[in-house]
Amino acid sequence: MFFSVDCVLVPGRSLSRLVEERLGLSGASGVHESGQSDDAERWRGIPEKALHTQLAGLPVVPGVAETTQWCWNNGLVPIVSSLTWTPIGAHLAERFGFHSYSGRFLDAMNGRFTGRAGAPVTPADQIEFVLRRADELGVEPTDCAAVGACPTDGPLFDTVGLGIAFNAPPDVRARATTYVEGEDLRAVIPALERLTVSRV
């Protein structure tokens, strides 16, 4: 069960861009923008603690922890599948109970980010992660589901058996199996029940 968190957890905003704005990082985020040059240098000197403080204070949609717990209770493994920075994915995984996470590596040393990073993560890399994680868990990608809302989530929806667009624009909904509107992430649970029924 893959959650593309960057456009799902903060209504109408990119989570990574909002975090960068709150940290005072200038310039456009390259996480979802093609052709963007390496922007990791902007993170040089930012304390890891400051990132966690900003993430803890973000107005995320209600029901995230409850939705991941529902997944665990119903035999689904909730995973963060994202193009955003790995420290963001790691924070969300620990805070909300996700199994694991993907993203773009951002180096830190002695509690501060160094400005060095791995190569930008592309939608193709996201698909590779999904295929690898599904194989590690012993399931077919077509037996998996994904919740997303970003324009880059189309290939993710094409890879899994059930793609759920959550509060997504029309072009993203068009690539999904179904779409859900709601103010609480638990709104996706009825759609996810299709996956649990198909596994019985």
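**Notebook: charged pairs, core and strand 5**

I looked up Glu20 first: its relative accessibility is 2%, so it counts as buried. The model I am reading is predicted.

**Entry 1, the partner of Glu20.** I asked which side chain meets Glu20 in a salt bridge. It is Arg42, at 3.1 Å, N to O. The pair links distant parts of the chain, 22 residues apart. Glu20 sits in helix 1 (15–22), and Arg42 in the loop between helix 1 and helix 2 (48–56). Arg42 has 21% relative accessibility and therefore counts as partly exposed. The cut-off for buried is under 20%, so Arg42 falls outside that class.

**Entry 2, other salt bridges.** I noted the general point that side chains of opposite charge can pair when their charged atoms come close. How many salt bridges does the count give? It comes to nine. I checked Arg13 and Glu21, which meet at 2.9 Å, N to O. Arg13 is partly exposed because its relative accessibility is 32%. Glu21 is partly exposed as well, at 46%. I then checked Asp184 and Arg186, whose side chains form a salt bridge at 2.7 Å, N to O. Arg186 has 37% relative accessibility, so I logged Arg186 as partly exposed.

**Entry 3, the core.** I turned to the nonpolar residues. In soluble globular proteins, nonpolar side chains tend to be buried together. The largest nonpolar core here has 62 residues. Which members touch the most others? They are Leu9, Leu15, Trp43 and Leu185. I followed Leu15 further, leaving aside neighbours within four places in sequence. Leu15 contacts Val5, Asp6, Leu9 and Val10. Leu55, Leu58, Ile88 and Leu92 are also in contact with Leu15.

**Entry 4, strand 5.** I looked at residues 145–148, which make up strand 5. In a regular strand the side chains alternate between the two faces of the sheet. Are the faces of strand 5 covered or open, I asked? Both are covered. Ala145 and Val147 lie on one side, Ala146 and Gly148 on the other, and all are buried.

**Entry 5, partners of strand 5.** Strand 1 (residues 2–3) pairs with strand 5 in the parallel sense over two bridges. Phe2 has Ala146 as its bridge partner there. Strand 6 (residues 162–166) also pairs with strand 5 in the parallel sense, over four bridges. On that side I found Ala146 opposite Gly163. I traced the connection too: strand 5, helix 6 (residues 154–159) and strand 6 form a β-α-β unit, and this unit is right-handed.

Technical notes. Residues numbered from 1 in each chain as written. Predicted model: local features only at pLDDT ≥ 70, side-chain atom pairs only at ≥ 80, totals over all residues. Heavy atoms only, no water. Salt bridge = Lys/Arg side-chain N within 4 Å of Asp/Glu carboxyl O. Buried < 20%, exposed > 50% of the residue type's maximum accessible area, 1.4 Å probe, protein only. Core = buried A, V, L, I, M, F, W, Y, C linked by side-chain atoms within 4.5 Å. Contact = heavy atoms within 4.5 Å. Pairing = 2+ DSSP bridges. Right-handed = clockwise from strand over helix to strand, strands pointing away.
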